[in-house]
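Biologist: Before we discuss any assignment, please show me the model and explain the terms as they come up.

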Amino acid sequence: MDLLGLAGFLASVAGLAFAIFIFWPDKKVQELDQAKEAHHIKTAELHQAEREHSRRLEDCLLEVIKAKGIDPFEIEQLREDLTKKYEDLEKSYQNNPTDINLVEIARRQVLDLDFPSAIGSLDQALAEEEKTKETSKARRASIYYEKGKIANLQLEYQKAKDYFSKAVELAPQTFEYNMSFGNIMITIGDFGFAQKLYKDALLLAQDDKEKGDVLNNLGTIYLSTKEYDKVILNLEEALSLYSKTLAEDSPSIAATLDNLGLALKRNGKIDEAIVCHKKALAKFRESLGDEHPSTARAYNNFASALLIKEEFYKAAENYDRSLNIKLKLYGEDHPAVASTLSNLGAIYLTIGENRHALEMTEKALKIFAKHLPAGHSNIAGIQHNIEIIKAAIAAEK
């Protein structure tokens, strides 16, 4: 091959190499783009599935609540509580795997919101375990515990009590069983027995988080029984333990601070209560955002403490923020909205903004009238307030 031919050959080889060099990076980029697109599609599908599941869960829980004829003023709080119970139940499945096949099936049915089928699977699991001589008490206790959690979620409190009681009877040294039994006894109103169960659970607690949960629940009991010194003692100790185990912005810490604020307020320690409510509000906003029922409640509790200090404008500001969240969550005709409107009306009357007070209070009455019978004490109280406001407006002339 002459020099000219060799030069041409080398040039063609170089051109081919260059083409390959250009082609492969382009192919890699294309593959990466396709992978990213597939990931985005998968993520969008997962988010859509989560939204659909959340909607189905909300509808399911509302159906349960309405079937029980719950007071309209309690519905949103109860739905929030049930949602938290469901989320806790999901976590318990992840943290406590089971080797009982029918229990695993029941768990999948719960996650699919098919509660009747889940109970049927658990009944079958229990029947099979009781036929086997080698079965352990612990296995049967775990099935009763699963049944209790579902019954609790379905507002079947007596059934839940019976199931949790059986679980504790079969496996008395189990922390979770004693805690759940204590929780249901609080719901039923048997605070004395709940205290005993929590004290048993405290001895079984394995870490600071579990000890904090027990002390927090004991504080809740003492709040109900108006033993505020005991509330403060237990909740402060719970917060100390939570600080070692939970993130600073944990909703559990926020809720404990909010309850501590209520106890301090009722114990006459208003300045300390205001500090607690302010901290709780900040943590709820950070962890749950500005459109969550717990955040709305924290604004409300902060405002009620400010009212006692006669910081009327600050109280009105926080009630107003609570109102805006409730309007977004529940709409304009909800009893929770009416309660906050009524509180705002009372403040505006106090600071002499009588026409504004009348507007707020009449809106509240209109909402209450849609949800409550004519002779209800809330309606009578609002009507009385309207008469006072109208008299104040008449006196201005």
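Modeller: Let me begin with contact, which means heavy atoms within 4.5 Å. On that basis, residues 24 or more positions apart account for 54% of the contacts in the protein chain with a separation of 6 or more. This is a predicted model, in which local features need pLDDT of at least 70 and side-chain atom pairs count only at pLDDT 80 or more, while totals for chains, interfaces and linings use all residues. Residues are numbered from 1 along each chain as its sequence is written, and side-chain values use heavy atoms, with hydrogens and water left out.

Biologist: Why is I232 called buried or exposed, whichever applies?

Modeller: Buried means under 20% relative accessible area, exposed over 50%, and partly exposed in between (1.4 Å probe, protein chains only). I232 has 7% relative accessibility and therefore counts as buried. By the same kind of assignment, 40% of the 397 residues of the protein chain count as buried.

Biologist: Where does I232 lie, and which residues does I232 touch, not counting those up to four places away in sequence?

Modeller: I232 belongs to helix α10 (residues 228-245), helices being DSSP runs of H or I with at least four residues, and strands runs of E with at least two, numbered from the N terminus. Leaving out residues up to four places away in sequence, I232 touches L260, A263, L264 and N267. The C-alpha atoms of I232 and L262 are 9.6 Å apart, although 30 residues separate the two in sequence.

Biologist: What makes E146 and K149 a salt bridge?

Modeller: A salt bridge is a side-chain nitrogen of Lys or Arg within 4 Å of a carboxyl oxygen of Asp or Glu, and the closest N and O atoms of E146 and K149 are 3.9 Å apart. Because they are three residues apart in helix α5 (residues 137-153), E146 and K149 are separated by about one helical turn. Both residues of this pair, E146 and K149, are buried.

Biologist: Why do E227 and K230 count as partly exposed?

Modeller: E227 has 28% relative accessibility and so counts as partly exposed, and K230, at 38%, therefore counts as partly exposed. E227 and K230 also form a salt bridge, with the closest N and O atoms 3.1 Å apart.

Biologist: How do you know that D271 and K309 form a salt bridge, and where do the two residues lie?

Modeller: The closest N and O atoms of D271 and K309 are 3.0 Å apart, to be set against the limit of 4 Å. The pair links distant parts of the chain, 38 residues apart, with D271 in helix α12 (residues 270-288) and K309 in the loop between α13 (293-308) and α14 (312-330).
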